[in-house]
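Please open the structure in your viewer and keep the selection tool at hand. The tour goes from one selection to the next and says what can be found at each stop.

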Amino acid sequence: MNFLNGQETLSTIDWILRAIIAFFFLLAIAKLLGHRSISQLRLIDFAITLVIGNIIAHPLSDEKLGLEGSIITTLVLVVLYILGVFIVLKFPYLGKIINNPPITLIQNGEILYNGLKKARISIDILLEELREKKVEDLKKVALATLEPNGKISIFLHPEYEPITPSHLSIKMEPFGFPRTIIKDGKINFEQLKMLNKDENWVVSKLESLYQVDVKNVLLATLDNKDNLNVFLYK
């Protein structure tokens, strides 16, 4: 375990071992921090991610710095992060100190300049966000706010919202997510069991509908109406 400590020089094997340990250690830390810290960087998430990245990066580029100290420091930061999240959940008013409140950028089709100034967002960025949401007319926007995670939420006036079956009182079939029963030429027996099917049923369906063997199937899905969709290797 000498490669964990600071040394004058490290061998190639020592550098490789440091990198491997750091990689799996960061994966474990990401698992502990949860999905929110990866996909939606709020202020506290951004700070902890930035600091941990720097702490781990230095020992990977400087042999005189030990990896053991970085790991201990990172674990302490993770504990503090989890404790901070718990405190915010327990005392919501403290969350307002850590996270910025939502900032209104557009209200009833009018741009709020003070909101843009407070959020430090230019008109060009605001228009870009609207284009990404396929909103071509500002006047259609009832409310647009900058969320604490940096994303802009946009709500249209009711008359401009897309028509859905519920607006037309149309009764729809319950949603059923297709299950993957074959992937990379191998049958997923666990999914088949949940669908009350067996291997013989799959083989006969492939033979009758597509004239192929299981090993030739890249992906096959089955929905709750027994509709089989098959994608072959090409």
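A salt bridge, as the term is used here, is a side-chain nitrogen of Lys or Arg within 4 Å of a carboxyl oxygen of Asp or Glu. Please keep in mind throughout that this is a predicted model.

**First stop: Lys197 and its partners**

Select Lys197 together with Asp226, which form a salt bridge whose closest N and O atoms are 3.0 Å apart. Because Lys197 lies in the loop between α8 (189-194) and α9 (199-209), while Asp226 lies in the loop between β7 and β8, the pair ties together parts that are 29 residues apart in sequence. Asp226 has a relative accessible area of 37%, and therefore counts as partly exposed. Now add Trp201 to the selection: the charged end of Lys197 sits over the ring of Trp201, at 4.7 Å from the centre of that ring.

**Second stop: the open sheet**

From Asp226, move to the strands on either side of the turn, for β7 and β8 form a hairpin with five residues between them, and Asp226 in that turn has a positive phi of about 65°. Next, display the whole sheet, in which four strands are arranged in the order β6-β5-β7-β8 with antiparallel pairing. The edges of this open sheet are β6 (186-187) and β8 (228-232), each of which pairs on one side only.

It may help to cross the sheet one pair at a time. Strand β5 (residues 179-183) pairs with β6 in the antiparallel sense over two bridges, and if you select Lys183 you will find that its bridge partner in β6 is Lys186. On going from β5 to strand β7 (residues 217-222), you meet four bridges, again in the antiparallel sense, and here Thr180 stands opposite Thr221 in β7. Between β7 and β8, which run antiparallel, there are five bridges; select Leu219 to see it opposite Phe231 in β8.

**Third stop: two further salt bridges**

How many salt bridges does the structure hold? There are three in the structure, and one of them joins Glu110 to Lys139, with the closest N and O atoms 2.8 Å apart. Glu110 belongs to strand β2 (residues 110-111) and Lys139 to the loop between α7 (123-132) and β3 (141-146), so this pair ties together parts that are 29 residues apart in sequence. Glu110 counts as partly exposed, because its relative accessibility is 44%, and Lys139 is likewise partly exposed, at 48% relative accessibility.

Then select Lys140 with Glu136, whose side chains meet in a salt bridge at 2.3 Å from N to O. Glu136 has a relative accessible area of 61% and is therefore exposed.

**Last stop: a nonpolar patch**

Finally, turn on the surface and select Ile72, Val76, Leu80, Leu83, Phe86, Ile87, Phe91 and Tyr93, which make a nonpolar surface patch of about 780 Å². Which helix gives the largest share of the nonpolar patch? Helix α4 (residues 67-90) does, with six residues. Leu83 is placed in helix α4, and at 45% relative accessibility Leu83 counts as partly exposed.

As the patch includes Phe86, Phe91 and Tyr93, you may wish to look at aromatic rings before closing the viewer. A pair of aromatic rings is described by the distance of the centres and the angle of the planes. For rings whose centres would have to lie within 6.5 Å, the count comes to zero aromatic pairs.

How values were computed
Residues are numbered from 1 along each chain as its sequence is written. This is a predicted model: local features need pLDDT of at least 70, side-chain atom pairs count only at pLDDT 80 or more; totals for chains, interfaces and linings use all residues. Side-chain values use heavy atoms; hydrogens and water are left out. Patches are made of residues with over 30% relative accessible area and no salt bridge: like charges are joined within 9 Å, nonpolar side chains (Val, Leu, Ile, Met, Phe, Trp, Tyr) within 5 Å. Accessible areas come from the Shrake-Rupley method with a 1.4 Å probe; for residues, only the protein chains shown count as cover. Buried means under 20% relative accessible area, exposed over 50%, partly exposed in between (1.4 Å probe, protein chains only). Rings of Phe, Tyr and Trp (its six-membered ring) pair if their centres lie within 6.5 Å; planes under 30 degrees apart count as stacked, over 60 as edge-to-face and the rest as tilted. A charge sits over a ring if NZ of Lys or CZ of Arg is within 6 Å of the ring centre and within 35 degrees of the ring normal. Two strands pair if DSSP finds at least two bridges between them.
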